[in-house]
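The following paragraphs lead a new reader through a structure, from its helices to its charged pairs and its core. Please keep the sequence and the three-dimensional view at hand while reading.

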There are 2 protein chains.
Amino acid sequence: MRVIFNEEMKAVADDLDRMAQDVRKAINGAGDALMNADIDKAQAVIDGDIEIDALESSILDQCVRLLAKQNPVATDLRVVVSTLRLASTFERMGDLARHIAEAARRAYPQNALPEESREIFTQMVAFLCNTADRIVDMLADRDTKIAENIILDDDKLDQLHHQTFELVLSDQWNGTKQQLIDVILIGRFLERLGDHAVSAARRVVYIVSGFDPSKDPGRDEDTPVVDL
Amino acid sequence: MRVIFNEEMKAVADDLDRMAQDVRKAINGAGDALMNADIDKAQAVIDGDIEIDALESSILDQCVRLLAKQNPVATDLRVVVSTLRLASTFERMGDLARHIAEAARRAYPQNALPEESREIFTQMVAFLCNTADRIVDMLADRDTKIAENIILDDDKLDQLHHQTFELVLSDQWNGTKQQLIDVILIGRFLERLGDHAVSAARRVVYIVSGFDPSKDPGRDEDTPVVDL
């Protein structure tokens with residue numbers, strides 16, 4: 001029984017790793033599509049989201065089968081339950097990357113973002129590409145040190161997100177209404193990607209320690225409708 | 001064993017019902033706060049979100065305990081897994097209601113929404129209050145007919161959401177940049193509430209039928225950055 005459990009658990013863990021890698025690819029692709037008005041990368045992210053969705057569905061099925069047949073307890077059970085929840089977090093991250101790619105595709109051949117906002121978004125995208133790398137490593141090694149750093153670093157992304165609001169409300173802003181909509185929504189999608197990365201990190205801490213550092217992993221604590 | 005399972009399952013089902021009722025209250029309160037600049041209702045929604053978060057956490061613990069001790073299979077297992085996932089959906093709906101309440105509180109004593117947008121938002125809020133009622137009923141009776149209607153009706157909300165973009169891009173729009181931000185973000189929060197209602201409906205269908213009508217319950221299919 002134990003051998004089968006470990007084999008089946010290995011298969012679902014491999015799928016979860018693959019999902020994290022696909023999400024990393026989607027975030028990188030969406031960032032390129034957005035910053036360079038790259039239509040091919042945008043389309044690849046949009047098309048690739050179906051594979052991420054299919055992986056979530058497959059992981060759900062595998063976890064339910066594992067729970068039914070193997071009755072895992074203690075750490076094994078936490079792994080299965082957290083795998084379910086991580087898959088759902090990654091699925092949502094894929095959606096958000098897709099939304100960013102769709103915004104880039106819509107604006108093509110123009111860039112969705114006006115010149116004055118590019119510096120902030122370059123930083124947000126770089127931050128998230130780095131976070132995506134760390135998620136892949138964290139998951140492969142169940143590394144709670146990386147998880148803690150992801151949780152702690154999220155403030156930097158929130159600060160950058162805050163700057164997008166300051167920018168559009170300042171006299172520096174010269175964009176159209178459509179560009180203002182894009183800056184607000186794309187900023188929101190990027191900030192939500194960061195929130196989901198934090199959720200993922202918390203779920204890895206829960207697997208290893210049995211302790212959920214948040215007790216409310218989905219909560220985003222920012223005030224998205226800012227008062228400036 | 002079976003008797004204990006049913007008793008413990010009843011307790012967690014009661015908590016899930018309570019969560020759905022709390023979410024309904026939050027949506028109603030956020031709608032009132034938004035449309036009537038009602039600061040007391042806004043504050044009640046913001047404060048009340050902690051209870052919703054605590055219920056999610058408690059449901060997670062109860063489900064993990066049930067899985068460990070009772071090894072449910074077939075429908076019982078689907079109920080436990082779906083309960084976990086429904087709790088996470090409701091937690092997120094509570095966050096979104098809180099964000100709307102925070103926007104209303106920030107704008108107080110003004111209304112966050114300019115006059116020309118009130119008609120659309122009145123309809124969106126009414127739609128979601130009705131959806132929240134249906135979620136409570138659907139859950140109490142595991143009624144797949146209600147679930148199917150929730151899934152089918154979501155298009156109406158998406159159409160209203162689309163109208164918010166049309167409005168701000170039209171000559172009719174006289175709002176400030178801050179009001180444009182609020183319309184875009186609050187519109188997004190309301191539309192996401194609808195998406196989560198659809199996820200909840202799909203999860204109830206899965207409990208009853210073992211069939212997931214979407215195979216990707218978290219996906220939102222709209223194009224949030226619209227091309228007009």
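In this account, a helix is a DSSP run of H or I with at least four residues, and helices are numbered from the N terminus. The model under discussion is predicted. One residue placed by this numbering is B:Arg134, which belongs to helix H4 of chain B. With a relative accessibility of 17%, B:Arg134 counts as buried, because the cut-off for that term is under 20%. Leaving aside residues up to four places away in sequence, B:Arg134 touches B:Ile146, B:Asn149, B:Ile150 and B:Asp153.

Helix H4 of chain B also packs against another helix. Two packed helices are described by the distance between their axes and by the angle those axes make. For helix H1 (residues 2–36) and helix H4 (residues 118–141) of chain B, the axes come within 9 Å and cross at roughly 170 degrees. H1(B) is therefore roughly antiparallel to H4(B), since angles over 145 degrees fall in that class. Among the residues that make this contact are B:Leu16, B:Ala20 and B:Ile27 of H1(B), and B:Phe121, B:Ile135 and B:Leu139 of H4(B).

The nonpolar core comes next. The largest nonpolar core has 158 residues, and of these A:Phe90 and B:Phe90 touch the most other members. When residues up to four places away in sequence are not counted, the contacts of B:Phe90 include B:Leu16, B:Ala20, B:Ile135 and B:Leu139. These four residues also take part in the contact between H1(B) and H4(B). Further residues touched by B:Phe90 include B:Met19, B:Val23, B:Ile52 and B:Ala200.

Helix H3 of chain B, which covers residues 74–107, has 34 residues. At 1.5 Å a residue, this helix should span 50 Å, and its end C-alpha atoms are indeed 50 Å apart, so the two values agree. Because 30 of the 34 residues of H3(B) are buried, this helix is largely enclosed by the rest of the structure.

Charged side chains add a further set of links, with 32 salt bridges over all chains. One of them joins B:Arg98 to B:Asp49, with the closest N and O atoms 2.6 Å apart. This pair links distant parts of the chain, since B:Arg98 lies in helix H3 and B:Asp49 in helix H2 (residues 39–70) of chain B, 49 residues apart. Both partners are buried: B:Arg98 has a relative accessible area of 1%, and B:Asp49 has one of 0%. In chain A, a network of salt bridges links A:Asp49, A:Arg92, A:Asp95, A:Arg98 and A:Glu102.

Another salt bridge brings together the side chains of A:Glu8 and A:Lys69, at 3.4 Å from N to O. A:Glu8 lies in helix H1 and A:Lys69 in helix H2 of chain A, so the pair ties together parts that are 61 residues apart in sequence. Here the partners are partly exposed, with relative accessibilities of 23% for A:Glu8 and 45% for A:Lys69.

A salt bridge may also lie within one helix. A:Glu191 and A:Arg188 form such a pair, their closest N and O atoms being 3.1 Å apart. Both residues belong to helix H6 (residues 177–209) of chain A and are separated by 3 residues, about one turn of the helix. Both are buried.

Finally, A:Lys145 is found in helix H5 (residues 144–169) of chain A and is exposed, with a relative accessible area of 54%. From C-alpha to C-alpha, A:Lys145 and A:Ala201 are 9.7 Å apart in space, while 56 residues separate them in sequence.

Definitions and conventions. Residues numbered from 1 in each chain as written. Chains lettered and ligands numbered in written order. Predicted model: local features only at pLDDT ≥ 70, side-chain atom pairs only at ≥ 80, totals over all residues. Heavy atoms only, no water. Helix = DSSP H or I, 4+ residues; strand = E, 2+ residues; numbered from the N terminus. Expected span 1.5 Å × (residues − 1). Buried < 20%, exposed > 50% of the residue type's maximum accessible area, 1.4 Å probe, protein only. Salt bridge = Lys/Arg side-chain N within 4 Å of Asp/Glu carboxyl O. Core = buried A, V, L, I, M, F, W, Y, C linked by side-chain atoms within 4.5 Å. Contact = heavy atoms within 4.5 Å. Axes fitted to C-alpha atoms, helices over the stretch in contact; angles between N-to-C directions. Parallel < 35°, antiparallel > 145°, perpendicular 65-115°, else oblique.
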